[in-house]
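Biologist: I am new to this model and would like to learn how to read it, feature by feature. Could we look at it together?

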Amino acid sequence: MNAPHAVPSWPMYRTLVGIGMLCGLLIAIVFQGTRPVIERNRAAALERAVFAVLPAATRRETFALTAEGSFVVETEATGRRVHAGFDADGRLVGVAIEAAGMGYADTITLLYGYAPAAEAIVGIRVLTSKETPGLGDKIETDPAFLDNFIALDASLDASGTALRNRIVTVKRGQKTAPWQIDGITGATISSQAVGEILATSAAHWVPLITGQLEDLTAGATDDAT
Amino acid sequence: MRPEPQTTMPTDEFIKGLWRENPVFVQVLGMCPVLAVSNTAINALAMGLATTFVMLMSNLLVSTLRNHIPKQVRIATYILIIATFVTIVDYMIEAISLELHKSLGAFISLIVVNCLILGRAEAFASKHRVVDSVLDGLGMGVGFTLALLCLGAVREVLGDGALFGVALFPAGFEPWIVMILPSGGFFTLAAWLLVINYVQQRSAAARERAGELSR
């Protein structure tokens with residue numbers, strides 16, 4: 001066997017490093033160019049979603065949850081936050097909360113509106129999902145399924161620390177109680193995932209919000225003055 | 001092997017991808033996105049256009065740099081170039097429409113491993129002039145998009161009773177759900193391959209007869 005032919009390594013380095021730098025530069029330029037647009041799109045999508053899940057709201061304010069468990073008007077982006085919606089007279093009509101959980105394909109993130117006066121979830125909007133197009137993604141489009149979230153009971157029990165009834169998804173047509181979600185045939189796992197996400201998130205946030213309602217309303221008055 | 005035509009016009013590089021060497025129906029390449037993202041016509045169109053852009057740009061760059069890329073590192077270089085344009089297209093789709101970005105999901109990033117694009121870079125762009133390579137990438141891309149649309153339209157009409165999201169049938173129509181599931185992709189592809197092969201065999205036979213007559 002002949003000894004392998006020695007390949008000069010400099011041209012290889014030159015090519016890989018040169019093209020790598022060129023590609024990096026291209027990506028950086030496009031990233032810088034599209035980032036403001038993408039952020040604007042995301043903010044607009046969130047804005048639309050907040051008003052979609054709180055139909056009575058005309059103005060929104062984002063609140064952050066502090067370590068002490070009270071709500072303050074958000075000044076910089078933090079992990080745990082809610083969006084309070086106010087009507088034209090400045091009254092709190094509800095709180096939009098982001099929640100996430102495992103769906104059929106990937107994590108589903110959604111935004112739901114909780115109205116303290118009605119003690120119910122009054123709207124839901126899927127923010128991101130990779131559910132099967134045509135089947136699992138019916139959680140975003142099926143009108144009968146979305147009707148579940150016009151007034152989904154999320155009232156607290158006597159102690160005020162937990163939901164009286166856990167939110168559950170039942171088979172289509174078997175809904176008997178206001179805290180049950182009528183599922184979707186052909187999207188059983190996705191519709192159950194939505195129920196599970198809401199149950200977990202509401203059990204955490206509803207007691208917090210109910211306990212700190214005056215923070216949210218006071219935050220709005222501060223802001224108005 | 002098919003005998004090469006004696007003279008190749010630049011436009012021939014474009015046209016061959018549409019029919020004679022269609023990447024999906026004749027070369028049967030890039031099956032992952034073909035089967036996965038052809039469940040609706042709009043997804044198919046967006047995926048096709050994204051792939052066309054990546055193929056066009058990578059062919060352009062590979063062909064421009066073809067004399068400076070040592071052959072030992074050519075595959076790594078091509079992947080680097082393709083991945084760059086996929087990242088760019090990913091940002092651009094997200095900037096154009098969050099909805100579309102949401103529905104294409106992971107498949108945009110998977111354009112990187114579409115063998116069709118690497119195949120064109122290796123088999124064509126690395127050996128041909130820039131103009132020919134650009135036309136080849138464009139032709140293959142348009143051919144790929146058309147093929148995806150053929151699948152996406154059939155699957156959406158049968159599986160969802162709609163085309164481009166517009167309902168076509170009265171309320172009583174029961175959609176054939178299997179068509180938008182992965183298995184529907186295989187059925188539709190098989191049916192299209194059957195049709196295309198039949199037509200191509202017929203026209204080959206007709207050409208042969210014409211050749212015998214003229215002799």
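**From one glycine to the whole sheet**

Modeller: Let us begin with a single residue, G113(A), which lies in strand β5 of chain A; strands here are DSSP runs of E of at least two residues, helices are runs of H or I of at least four, and both are numbered from the N terminus. The model is predicted, and local features need pLDDT of at least 70, side-chain atom pairs count only at pLDDT 80 or more, while totals for chains, interfaces and linings use all residues. Residues are numbered from 1 along each chain as its sequence is written, with chains lettered from A and ligands numbered from 1 in the order in which they are written.

Biologist: Is G113(A) buried or exposed?

Modeller: A residue is called buried if 20 or more other C-beta atoms lie within 10 Å of its own, exposed if 12 or fewer, and partly exposed in between, the C-beta atoms being placed from the backbone. G113(A) has 27 other C-beta atoms within 10 Å and is therefore buried. The strand around it fits this picture, since seven of the nine residues of β5(A) are buried.

Biologist: Which residues does G113(A) touch, beyond those up to four places away in sequence?

Modeller: Two residues are in contact if their C-beta atoms, placed from the backbone, lie within 7 Å. By that rule G113(A) touches V53(A), L54(A), G94(A), A96(A), I121(A), V122(A) and G123(A). As for G123(A), it is 10 residues from G113(A) along the chain, yet their C-alpha atoms are separated by 5.1 Å.

Biologist: How do I read the pairing of β5(A) with other strands?

Modeller: Strands pair if DSSP finds at least two bridges between them. On one side, β5(A) pairs with β4(A) in the antiparallel sense over eight bridges, and I97(A) stands opposite Y112(A). With β6(A), β5(A) also pairs in the antiparallel sense, over seven bridges, and there the bridge partner of Y112(A) is I124(A). Each of these pairs is a hairpin: four residues lie between β4(A) and β5(A), and four lie between β5(A) and β6(A), where E119(A) in the turn has a positive phi of about 50°.

Biologist: What is the order of the strands in the sheet of chain A?

Modeller: Seven strands form an open, antiparallel sheet in the order β2-β1-β3-β4-β5-β6-β7 of chain A. The edges are β2 (71-73) and β7 (152-153) of chain A, and each has a single partner strand, so one side of each is left without a neighbour in the sheet. Further in, β1(A) and β3(A) pair in the antiparallel sense over six bridges, with F63(A) opposite V82(A) of β3(A).

Biologist: Which elements supply the largest nonpolar core?

Modeller: A nonpolar core is a set of buried Ala, Val, Leu, Ile, Met, Phe, Trp, Tyr and Cys residues joined through C-beta atoms within 7 Å. The largest has 49 residues, and those with the most contacts inside it are L110(A), Y112(A), Y114(A), I121(A) and L198(A). At least two residues each come from α1 (10-53), β1 (59-65), β3 (81-86), β4 (92-102), β5 (107-115), β6 (120-128) and α4 (188-211) of chain A, and the largest share, nine residues, is that of α4(A). A second, separate core of 46 residues includes V86(B), I108(B), A147(B) and C150(B).

Biologist: How should I describe the helix α1(A)?

Modeller: Start with its span, whose expected value is 1.5 Å times one less than the number of residues. α1(A) has 44 residues and reaches 60 Å from its first C-alpha to its last, close to the 64 Å expected. A bend is the angle between axes fitted to the seven residues ending at a residue and the seven starting there; α1(A) bends by about 40° at T34(A), and P36(A), a proline, follows within four residues. The buried residues of α1(A) pack against β1, β3, β4, β5 and β6 of chain A, and also against α4 (74-96) of chain B.

Biologist: How many residues bring the two chains into contact?

Modeller: In chain B, 28 residues are in contact with 24 residues of chain A. On the chain B side, two or more residues each come from α4, α5 (98-104) and α7 (130-160), and α4(B) gives the most, with 11 residues. That side divides into 14 nonpolar, 11 polar and three charged residues, where Ala, Val, Leu, Ile, Met, Phe, Trp, Tyr, Cys and Pro count as nonpolar, Asp, Glu, Lys and Arg as charged, and the others, Gly among them, as polar.
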